[in-house]
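Got the model open in your viewer? Here is a short walk through it, one selection at a time.

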Amino acid sequence: MLALMHQDSFKRAIAALLLSCVCFACGYRVIDGRGGLGVDFDRIEIRAFENRTSEPGLEQMLASALTEEFARRDWLTPVYSKGAAPGDLILVGVVQRVHVRPSSYSSVALALEDRIEISVDVEVRQAGSGDLVWEHPDLNVSELFQSSPEPQVYESNKEQAMRRVSALLSERIHDELFQRF
């Protein structure tokens, strides 16, 4: 009886060992997305976008969100154009349009929510050669914000929505750069 229990424990130990080997040898590993760019790049220079809209400061808001996104993801280190070490890649863009329109209304036809849509053209080039690495013309992102009859409240809500759109655009730009479908 004791030999049978010993043999059963031995089989369980072997099964556990095999299961461990399968789990640890399955090929899961941390992936560095820079390999998708074709060449090993370490730094990206994020330049303020050209702003062709009537929204002052939107280009700086977007550049700040992009810098934060690249720093957070840590696949490419964001650098500044006036820095000592230039970037391997340069990200540039143009804010083409900002469109605000009512999205929902109250029962007395007052706007309750507005939708802001921001459209940008963006591209990434190699710093040395100027070769195009990635581009996305007419990239659009929109966000709802609460409307208000008070101008200060309305502008504050709109600015918060522009910050959220800038963050969403930054995520999309980062993700599309590394996915490159």
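One cut-off before we start: a residue is called buried when its relative accessible area is under 20%, exposed when it is over 50%, and partly exposed in between. Keep in mind, too, that this is a predicted model.

**Start with the whole chain.** Colour by secondary structure and you should find three helices and six strands. Walking from the N terminus, the order is α-β-β-α-β-β-β-β-α. Of the 181 residues, 32% are buried. The accessible surface adds up to about 11,500 Å², and carbon and sulfur atoms account for 55% of that. If you look at contacts between residues at least 6 apart in sequence, 67% of them link residues at least 24 apart.

**Now colour by confidence.** The mean pLDDT for the chain is 83, with 76% of residues at 70 or more. Strand S2 scores highest, at 96, while helix H1 (residues 2-24) is lowest, with a mean of 62. Next, select residues 28-32: here the pLDDT drops below 50, and the stretch makes two contacts in the model beyond near neighbours in sequence. Where pLDDT is low, don't read the predicted coordinates in detail.

**Select residues 58-73.** This is helix H2, 16 residues that span 23 Å from first C-alpha to last, close to the expected 22 Å. Show its side chains and look for the buried ones, among them Leu58, Met61, Leu62, Ala65, Leu66 and Phe70. What covers them? Bring up strands S1 (43-46), S2 (50-51), S3 (77-79), S4 (89-105) and S5 (111-126), plus helix H3 (151-179), which are all part of that cover. Just past the end of H2, click on Asp74, where phi is positive at about 65°.

**Hop to Ser170.** You'll find Ser170 in helix H3. Is Ser170 buried or exposed? At 1% relative accessibility, Ser170 is buried. Leaving out residues up to four places away in sequence, Ser170 touches Leu62, Ala65, Leu66 and Glu69. Draw a distance from the Ser170 side chain to the backbone nitrogen of Leu66 and you should get 3.1 Å.

**Look for aromatic pairs.** The whole structure holds two of them. For one, select Trp75 and Phe178: the ring centres are 4.9 Å apart and the planes sit at 80°, so this pair is edge-to-face. Trp75 is in the loop between H2 and S3, whereas Phe178 is in helix H3, so the pair ties together parts 103 residues apart in sequence. Which partner is buried? Phe178 is, with a relative accessible area of 10%, while Trp75 comes in at 28% and counts as partly exposed.

**Last stop: Arg115.** Move to strand S5, where Arg115 lies. With 23% relative accessibility, Arg115 counts as partly exposed. Show everything in contact with Arg115, apart from neighbours within four places in sequence, and you'll see His99, Val100, Arg101, Ser103, Ser142, Glu143, Leu144 and Phe145. From C-alpha to C-alpha, Arg115 and His99 are 8.0 Å apart, with their positions 16 residues apart in sequence counted as separation. Finally, zoom in on Ser142: its side chain and that of Arg115 are joined by a polar contact of 3.1 Å.

Notes
Residues numbered from 1 in each chain as written. Heavy atoms only, no water. Helix = DSSP H or I, 4+ residues; strand = E, 2+ residues; numbered from the N terminus. Buried < 20%, exposed > 50% of the residue type's maximum accessible area, 1.4 Å probe, protein only. Contact = heavy atoms within 4.5 Å. Areas by Shrake-Rupley, 256 points an atom, 1.4 Å probe, with all protein chains shown as cover. Expected span 1.5 Å × (residues − 1). Phe/Tyr/Trp six-rings, centres within 6.5 Å; stacked < 30°, edge-to-face > 60°. Polar contact = N/O pair within 3.5 Å; in protein donor to acceptor, adjacent residues only side chain to side chain. pLDDT = per-residue confidence, 0-100.
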